[in-house]
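Q: I should like to request a close look at a single part of this protein, explained in connected prose for a first-year student.

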Amino acid sequence: MLLREIKKIYHTELDAIYPVEEVNSFFYMTIEHYLGLQRFILAMQPDYVVAKEEEASLFLTINLLKKQVPIQYILGTAHFMGLDFNVSSNVLIPRPETEELVSWILSETPLDREVNILDIGTGSGCIAISLAKNLPNAKVFALDVSKDALLVAKKNADNNGVLVTFLEHNILQEPNLQQKFDIIVSNPPYVRELEKKEMTANVLKNEPSLALFVSDKEPLTFYNAITNFAVKHLNENGKLYFEINQYLGGETQEVLEKQDFVTIELRKDMFGNDRMLRGQLIK
Ligand SMILES: C[S@@+](CC[C@H](N)C(=O)[O-])C[C@H]1O[C@@H](n2cnc3c(N)ncnc32)[C@H](O)[C@@H]1O
């Protein structure tokens, strides 16, 4: 079948569900992934023919997209900080807001400094791995409660050629760790049950609840636990960075203010929402 005919089928089947530009993007991501074809292929070769045996995965992708499965889970890969990450339904798809958090940390951490870093709730490992990739003198540790997520993260560290020490712990049960860190970073679960109605079907149906949700009554459980952990496990002047719930900026900031953190800063993401928090521990 001609590639342009398949593109037409993508639009016929999917334009009612997704914006046209997004369908274009799905199509090009899919042909790049399965056929190794670049975006400009149709401009260069309008009559490009897809072999019969190569058609199946292109049509299967349409069916999964119709069921609201995110394209990253279908293709099994996501981009973050210029790197490729394997993703499965056991890990959250890395978000652009989280790239802003990583960029903030990088902007404040001299390249030549020997630092110990811990990423809590590492998921795909996107934060830990991109920090390890960009900070050659850092020793990076990453923790998650999910065995399955840690398997994905380990593979991602190998694929990206970095050394990260992975730890399986529940951060809500005061892990007994001996190490001390200069930087602790976390993007913990922070979406309240009451916010589910704001979320799109593809997130609700496909992304792991363990990575996303907290109770309406105690939405800051993870921030309290991680801050208490950080007070014990940060070196003097060590920094704690959080990605946060946009509706709870003030309350989350107070968690740090109640402890010995200084130079506390709340930052907005590219969408203008309160999304990141940083504090430095004085002892
Ligand atoms: C919002 S996701 C963040 C994933 C990744 N760091 C990112 O930014 O894309 C939260 C992560 O916390 C992990 N998690 C949930 N409960 C946890 C717990 N009690 N202890 C440690 N990790 C936990 C989940 O498995 C998930 O990987």
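Where is the place of Pro-189?

A: In this predicted model, Pro-189 lies in the loop between strand 6 and strand 7. The two flanking strands cover residues 181-186 and 191-192, and Pro-188 is found in the loop between them as well. An unreviewed UniProt entry assigns the feature "binding site" to Asn-187, Pro-188, Pro-189 and Tyr-190.

The surroundings of Pro-189 may be considered next. Residues within four places in sequence are left aside here, and Pro-189 is then in contact with Leu-210, Ala-211, Leu-212, Phe-213, Val-214 and Phe-222. The relative accessible area of Pro-189 is 11%. Pro-189 is classed as buried because this value falls under the 20% cut-off.

Pro-188 can be examined in a similar manner. With neighbours within four places in sequence again excluded, Pro-188 is in contact with Phe-222, Tyr-223, Ile-226, Phe-242 and Glu-243. Phe-222 is thus listed among the contacts of Pro-188 and among those of Pro-189. The relative accessible area of Pro-188 is 4%, and Pro-188 is therefore buried by the criterion of under 20%.

To summarise, the UniProt record includes Pro-188 and Pro-189 in its "binding site" feature. In the model, Pro-188 and Pro-189 lie in the loop between strand 6 and strand 7, and the computed accessibility marks Pro-188 and Pro-189 as buried.

Key
Residues are numbered from 1 along each chain as its sequence is written. This is a predicted model: local features need pLDDT of at least 70, side-chain atom pairs count only at pLDDT 80 or more; totals for chains, interfaces and linings use all residues. Side-chain values use heavy atoms; hydrogens and water are left out. UniProt positions are given in the numbering used here, feature names are shortened, and annotations may be inferred rather than shown by experiment. Helices (H or I, at least four residues) and strands (E, at least two) are DSSP runs, numbered from the N terminus. Buried means under 20% relative accessible area, exposed over 50%, partly exposed in between (1.4 Å probe, protein chains only). Contact means heavy atoms within 4.5 Å.
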